Every structure is written in structure tokens, then in C-alpha cells.
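I sat down with this one to look up how its interior is packed and how some of its strands pair. Here is what I had open on the screen.

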Amino acid sequence: MKKTLVLFFMLCLTFANAQGNKRLFSKDPIINLENFQKQKLYFGFYMGLNGFDFKIDYKDNIPDILIKRSTGFNVGLVSDIRLQEYINLRFEPGLYYTKRDLYYPSSYFATKPTASDRLREVNSTYIHFPLLVKFSALRTGNVRPYLVGGGSFTLNLSSNAKSLDDNAEGRFRMKSWTTNYELGFGIDIFSEYFIFSPSIRGVFGINDELIRDKDPNSPWTSNIESIKNRAIFINFTFH
């Protein structure tokens, strides 16, 4: 995820540099799209990257499950309703894809486990429904930073929630719907023809997502108190 954060800042700097000839950050810039955000309702779209993780709480003090994360991608739409000069309500439904590998310690198993017993690949395709409040700062030239926060519902299309098989058959199962709260910040950069808004947002799952195996002594689920999503979203929004 560190590489993703570096990429985020590099893209922001690249865009800012590309707008340099329009005096984007100069002392007396040409004001772009001066009245655009005064509209009651406007729309946009975003593309981005994500880094999903799990927060796992355990019943007993035994070695933790190792989580290997990978960088996924996001795409979605934005609708923005102006409530007040500095406050907006935003709905940002999107499609998110990610992958996590869970490596279980050998001590979880009564007998020596195979490599396939210890590994659970969790491929997730989410449809994400966040409702957010955007708090914007005073616009300075063609730059306007903001904070954003709110709640969201997430539908996991790859949850295996309806599967009759469980980990004994190699099937890791999670609940289809989860709830989250979200906090982040971003910058509105006004170019001549559109607004470019890079943002970073943390997403924190509220409810336990794990579906337990039928065997109450299952090595894969019996010692887990809860599994909750944790994620970082880096989105590049265009209005």
C-alpha cells in the first residue's frame, strides 16, 4: 500500500504541474469554474485503488493468522447535493475488487496440515454504497481542500454466504452485507474544463463478517471472535 500512496501523491503533483501554465497555484491565478460548485446538484465519476485488510479478534491467545494483502481497483459514480456553502451530501456507489490470502499457523490444526489446509484465498467483489458528508474549506484560487465522513453498506458478491460447503471443503464463507463508517480527506483542483478531486479515505467495518463452519471445533473458525473489514480507498474523481 505504500507504493499506492506514493503513486497518489505523484499523480497529484503531475496534474498540478500540468496546470502550471494556467497559474493554478500562483498568487493571482485565473479562476476556473467559479460557479460550478454553487449548483444544487452535480455529478461525476471516479477511478481508484484500494487496499483491503481484515481486523481479526481472537478468543484465545494463540498465533495470529497471517494476512497477505494486494492492491485492488475501484470504479464508480458520484452525485453531490449542495446543502450549504461549505457542506455537501455525497452518494458514491461503486464496484470494488480486491484479494486477500489468509495463512493459518500449523498450531491451529490437530494433525500436520497440508499447504492447501493452511491457505484460504479470499477474492472479493464489492458493490459499495457510501453516503458521505463533505466539509469543504474556503476556496483559495483553484484549490479547495475538504474532509469527508459518513457511513456505508457493502454487498459482497463473492461472499459464498449461500454455499452449503465450508472450510472442510475448502470454502471460506463471509456474510453478504456489511456496514462501515468512513473518514477521509481530499482536494478539489479546478482546471479550465473540469474539477479533479484526488482523495484518501479509511473504511472501517462495524459488524462481524465471518460465517462459522458447521463443525464447532473447526480450526479455521472456532477461535475467531470476529473478522471485520479495514480498507484504504484512493480515488481520483472528475466532475
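My entries below go from the cores to the strands.

**Entry 1, the main core.** I reminded myself that I am reading a predicted model. I looked up the largest nonpolar core and found 15 residues in it. F54, L102, Y104 and F172 are the members that touch the most others. I then checked which elements give two or more residues to this core, and they are β1 (41–58) and β10 (224–238).

**Entry 2, around F54.** I picked F54 and listed its contacts, leaving aside neighbours within four places in sequence. The list reads I67, R100, L102, V122, M174, I227, K228 and N229.

**Entry 3, another core.** Apart from the largest core I found another, of 8 residues. Among them are V78, Y96, Y126 and A231. A general note to self: nonpolar side chains in soluble globular proteins tend to be buried together.

**Entry 4, strand β9.** Is β9 mostly covered or mostly open? I counted 10 of its 11 residues as buried, so with buried meaning under 20% relative accessible area, this strand (residues 195–205) is mostly covered.

**Entry 5, partners of β9.** I followed β9 to β8 (residues 177–190): the two run antiparallel and are joined by 9 bridges. They make a hairpin, with 4 residues between the strands. I also followed β9 to β10, where the pairing is again antiparallel, over 9 bridges.

**Entry 6, across the strands.** Which residues stand opposite G202 of β9? In β8 I found L183 facing G202, and in β10 I found I232 opposite G202.

How values were computed
Residues numbered from 1 in each chain as written. Predicted model: local features only at pLDDT ≥ 70, side-chain atom pairs only at ≥ 80, totals over all residues. Heavy atoms only, no water. Core = buried A, V, L, I, M, F, W, Y, C linked by side-chain atoms within 4.5 Å. Buried < 20%, exposed > 50% of the residue type's maximum accessible area, 1.4 Å probe, protein only. Contact = heavy atoms within 4.5 Å. Pairing = 2+ DSSP bridges.
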